[in-house]
Amino acid sequence: MATSLTERYISATITSLPPDAQDDVRAELEGSIADAMEARLDQGEEPTSAEREVLTELGDPAALAAGYADRPLHLLGPRYYLAWRQLLRTLLMIVPVCAVLAVALAQVIAGASIGAIIGQAIGVGVTATVHLVFWVTLVFVLLERAGADTGPGWDVDQLREPTSTGTGRADLIASLILAAAGVVALLWDHFIGFLRIDGESLSILNPGLWPWAMAGLLALIALEAVLAVMLSANGRWTVRLAVLNTVLAMLAMTLVLTLLGNGLLLNPDFLQTVFIDNGVEPDSMRVLGILTWFMLVGIPVWDILDGWLKTRRDALR
Amino acid sequence: MSESFDTHLQELRRGTVVLACLQLLRTPGYGYNLLEQLAAHGVLTDANTLYPLLRRLEKQGFLTSEWNTEDTRPRKFYVTSAEGMSLADTLSTEWHDLTRSIASVTDDPGTPEEN
């Protein structure tokens, strides 16, 4: 009878219990099962069916063992769930995006084909997300099993003020100062020059941009300032303003990238004097060019997304 | 009975098994015997809930246990400890308070007691 159903049932139950509790639980369960079977036999039941019935009533040995060991029957309980969710949300907003951008940048610099860049970026994005979810969850599951503290509980001071969506007076002033600084920088670069080489001023931007392309850049800056005023007057982001913001950002990006791509944006004399004459290799120049591209694409894309996110947030208010 | 009824009934019964065990075990008893006593008194519980519960209460110091090998088979007898009796008294008092509160809510829902 070494492998009777009862014997197998008890073994399955105690195998996951702490060693010092195993013998005690085994002896007690043997007694309890025998008692229950005896009661059924007294009522005239068959021994085999009585055993099956008693064990069926006791249910899954894993559940019984969890009861004995006082283990939770869930992966993550209510005490840890909210902390887990908040941390995961925060990390998911930051880490995969950074990983994808870093890989894309590295691939572009390495001269990979567009297919390889997209493939690698997607692959890394998926891998980073899966790893993040897995490891964060694992840590929380272990924390719950170890009975660790979840840190300070919630208190009313954590209630968020309605987040400013950048339509206040301070934001308007900041935008206007930034626009003015942009205009001054463009003019200063052309008429006075940030650099003086051998007593001669050297502009960073291509002097050939004057007057038409430069007029376009200045006009875009002016339009951005107008948009800032409209935002402030309106008091909140709307779909119309977000569309306007998108159009402006796209125009600026297209203009600057077209000029850069055709080698018209920067002053060739400036590049020659500052970089190539100082021994910067063509390879390094290429990397610098790519970094400039990423920045010139990244800033408008961020600006566009920012506008739409704030529109959504304002719509919910 | 509908499933949502069952959930609410379970919620209400949770905890009554602890109180019933502490009261019954003022005289020593063992697992299966206690299960039968509970059933006879109309306290519904399953063997797979009761057996782990007894060990848990013992671990928390509300029950003490002793192996008895004089019977037909060795049995682990549990008895309510001094601390367990004090817990039973506290739970009983709470139970009576709840009964009174529920009765007051049921009989006269219009005028809440003034404190």
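This is a short talk on the helices, hollows and chain contacts of one two-chain model.

Some ground rules. The model is predicted, so local features need pLDDT of at least 70 and side-chain atom pairs count only at pLDDT 80 or more, while totals for chains, interfaces and linings use all residues. Residues are numbered from 1 along each chain as its sequence is written, chains are lettered from A and ligands numbered from 1 in the order in which they are written, and side-chain values use heavy atoms, with hydrogens and water left out.

Let's start with helix α2 of chain A, residues 19–42. Helices here are DSSP runs of H or I, at least four residues, and strands are runs of E, at least two, both numbered from the N terminus. The expected span is 1.5 Å times one less than the number of residues. For the 24 residues of α2(A) that gives 34 Å; the end C-alpha atoms are 35 Å apart, so the two agree. Just after α2(A), A:G44 has a positive phi of about 85°.

Which residues of α2(A) are buried? Buried means under 20% relative accessible area, exposed over 50%, partly exposed in between, with a 1.4 Å probe and protein chains only. The list is A:V25, A:E28, A:L29, A:G31, A:S32, A:I33, A:D35, A:A36, A:M37 and A:R40. Keep A:E28 and A:D35 in mind.

Now the interface. 20 residues of chain A contact 13 residues of chain B, contact being heavy atoms within 4.5 Å. The buried area is about 1500 Å², with 54% from carbon and sulfur atoms. That is the accessible area, 1.4 Å probe, that two parts lose on being put together, summed over both. A:E28, A:D35 and A:Y68 supply 33% of what chain A buries against chain B, more than any other three residues.

Next, cavities. On a 1 Å grid over the protein atoms alone, a cavity is a set of points where a 1.4 Å probe fits but cannot get out; a pocket is an open set with protein on both sides within 12 Å along at least five of seven lines; lining residues have an atom within 4 Å of a point. Points join across faces, edges and corners, and a volume is the space filled by probe spheres set on them.

How many cavities reach 30 Å³ or more? There are 2. The largest is about 60 Å³. Its lining draws on both chains, including A:E28, A:D35, B:Y32 and B:R75. α2 of chain A, with α3 (31–40) and β3 (75–80) of chain B, each give two or more residues. α2(A) has the largest share, 4 residues.

The second largest cavity is about 40 Å³. Among its lining residues are A:L186, A:H190 and A:W210. Helix α7(A) gives the largest share, 3 residues.

That brings us to the largest pocket, about 1600 Å³. Of its 46 lining residues, A:L178, A:I221, A:E224, A:A252 and A:I299 are closest to the centre. In chain A, α7, α8 (212–234), α9 (239–261) and α11 (282–316) each give two or more. α7(A) gives the most, 10 residues. The lining divides into 31 nonpolar, 9 polar and 6 charged. Nonpolar is Ala, Val, Leu, Ile, Met, Phe, Trp, Tyr, Cys and Pro; charged is Asp, Glu, Lys and Arg; the others, Gly among them, are polar.

One last residue on α7 (169–191): A:S175. At 32% relative accessibility, A:S175 counts as partly exposed. The C-alpha atoms of A:S175 and A:A228 are 6.4 Å apart, with their positions 53 residues apart along the chain.
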